[in-house]
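Student: Please take me through one part of this model closely, and then follow the thread to a few individual residues elsewhere that deserve a careful reading.

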Amino acid sequence: MKKNLTCFIRYSDKETVEQIINILKDSAPVKEIVIAGGDDIYPAVEGVDVSVLRSGGFASSATVREAGAMAKTPFVLVYSGLSVPDIGKYTLSRLIQACWTTGAGLVYPDFYDRKNNTLSPHPLIDYQEGSLRDDFDFGSLVIYDGNAFRDACSRMERDFKFAGWYDLRLKISQTHTVLHLPEYLYTVTETDLRKSGEKQHDYVDPRNRAVQVEMEFACTDHLKVINAWLKPVFDRISFSETEFENEASVIIPVRNRARTIGDAIESVLSQEAPFSFNLIVVDNHSTDGTTDVVRSFAGRDKRLIHHIPDRKDLGIGGCWNEAVFHPECGKFSIQLDSDDLYIDNSVIARIVDSFYSQQCAMVIGSYQMVNFDLEEIPPGLIDHREWTPENGRNNALRINGLGAPRAFYTPVIRSIGIPDVSYGEDYAAGLAISRNYQIGRIYESLYLCRRWEGNTDAALDIVRTNANNLYKDRIRTMELMARKRKVSLQR
């Protein structure tokens, strides 16, 4: 077989790298192996060229561009893992075949995780135009078409320290298909053993701020190239177009949260504001005693509307629609999850004031991560400071959430509606609103977000995690289509 593959290995330590070299050298297509990073010297390997790339950190633009200059072969493999992979005998040939026959610019296969000497399937999801997340899971072994790789490298104009490979991927997607090959072709040792709920806030961890700034630049450049970038020009809001009996309504969708719903309700009813407000609890046919808790509060305070939907097939988004279209819903619809509680008695007033002062159709606050006993846990304050008035709605297409608590100008959210799903419904609504309207921000903590075993996203398996990510990618794809249409109509 013709040697037509250059392999780039991420440096971890000399022993690991030498083991990976020994695995790759016997694969028929491998012509050259390049170790990205480190200062070690490696012995010659018969029939395979081995060299070292020392242009900076593995994720830097300098490293990626240098890789593009070094790779002369028709195909390029990049292994970004830090452990020794178990690569099937025909894996590389199969990936090259898939890349060649489809004309894809990048191909990534499924793989197995090894945990405590047990193999677990790690299926990946298909890439689509809306897969703009910088943490999209490609696995650690991918194959590039050599020409697509070199062309994308030649178009990398920024000097990133962290976003080099992300920038490359986006540029390849502009001209080539990114192909998921649903075949389990290698095995790696799982190194991140955290549960799903512990991983989901990595992108807003203050320690990762410099990384996120670079990712935003790369994504913004990409949106401009594909004509999906929106200028900071927004539709004006008139807060007097509809009459409402109440200025605000807090909305709590709930199902089987008897342990926490009482705390949430009390935190709302204790609010102080210079206007009238109510609380709409949409009880989604609870069976654990939640209904009795809500009913007891409603009997003591007429501001609480205990609404049980006629339908029994509603998700969280469907429950939200029940509330915002309720005849007693206020001018502003303010979110509180049934697990959580407001941080003090001024939250509703501060949110409503922000609508008027920032002239926006949606307000998003900040929250403190706590355990069930309300003790602070890492990463602490989640304030989404990556949001800027000028570019927030564009960067929103890259990140996996917009923050909380969320509040909507009711006529606008009624005109858009909320998808009837139980994951990502808030994100979909926020993207749709930001397409036309400014979103206001409050960067001080407004509520305590409990993380406990009862959270719906506390410990998801790979199948459920994939389903959630696939849905959000689909939402982003649909939003990209809408924004491209908006841009074309403005020309």
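Tutor: What follows starts with one helix and its packing, and then turns to a loop and some backbone details.

The model is predicted, so local features are described only at pLDDT of at least 70 and side-chain atom pairs only at pLDDT 80 or more, whereas totals for chains, interfaces and linings use all residues. Residues are numbered from 1 along each chain as its sequence is written, and side-chain values rest on heavy atoms, with hydrogens and water left out.

Helices and strands are taken here as DSSP runs, H or I of at least four residues for a helix and E of at least two for a strand, numbered from the N terminus. The helix to begin with is H4, residues 146–154, whose axis comes within 9 Å of the axis of H5, residues 164–175, and crosses that axis at roughly 115 degrees. These axes are lines fitted to C-alpha atoms, for helices over the stretch in contact, with angles running from 0 to 180 degrees between N-to-C directions. The crossing of H4 and H5 is right-handed, a term that applies if the near helix is turned clockwise from the far one by less than a right angle.

The residues that meet there are Ala148, Phe149, Asp151, Ala152 and Cys153 from H4, and Trp165, Leu168, Lys171, Ile172 and Thr175 from H5, contact being defined as heavy atoms within 4.5 Å. By class, this contact of H4 with H5 comprises seven nonpolar residues, one polar and two charged, where Ala, Val, Leu, Ile, Met, Phe, Trp, Tyr, Cys and Pro count as nonpolar, Asp, Glu, Lys and Arg as charged, and the others, Gly among them, as polar.

Within H4, the buried residues are Gly146, Ala148, Phe149, Ala152 and Cys153; buried means under 20% relative accessible area, exposed over 50%, and partly exposed in between, with a 1.4 Å probe and protein chains only. Seen down the axis of H4, its buried residues fall within an arc of 165 degrees, and so they line one face of the helix, the arc being that of the directions from the helix axis to the C-beta atoms. Turned away from that buried side is a face that carries the exposed residues Asn147 and Ser154. The packing partners of the buried residues of H4 are helix H2 (61–70), strand S4 (75–79), strand S8 (141–145) and H5. At the start of H4, a side-chain oxygen of aspartate 145 comes to within 3.1 Å of the backbone nitrogen of asparagine 147.

The second place to look is the loop between strand S10 (248–254) and helix H8 (261–269), where threonine 260 is found. Threonine 260 counts as buried because its relative accessibility is 0%. Setting aside neighbours within four places in sequence, threonine 260 is in contact with Ser338, Asp339, Phe372, Arg450 and Trp452. For serine 338, the side chain of threonine 260 reaches the backbone oxygen at 2.8 Å. For arginine 450, the separation is 190 residues in sequence and 9.5 Å in space, C-alpha to C-alpha.

The loop between S10 and H8 also holds asparagine 256, which has a positive phi of about 55 degrees although it is not a glycine. With a relative accessibility of 24%, asparagine 256 counts as partly exposed. Asparagine 256 is one of the residues touched by threonine 290, together with Val254, Arg257, Ala258 and Ile261, not counting residues up to four places away in sequence. Threonine 290 itself lies in helix H9 and is buried, with a relative accessible area of 0%. In the loop between strand S11 (277–283) and helix H9 (290–300) is histidine 285, another non-glycine residue with a positive phi, here about 60 degrees.

Finally, the peptide bond from proline 378 to proline 379 is cis, with omega near 0 degrees, and proline 379 belongs to strand S16, residues 376–382. The bond from alanine 404 to proline 405 is likewise cis, with omega near 0 degrees, and proline 405 sits in the loop between helix H12 (392–395) and strand S17 (406–409).

Note on methods:
Polar contact = N/O pair within 3.5 Å; in protein donor to acceptor, adjacent residues only side chain to side chain.
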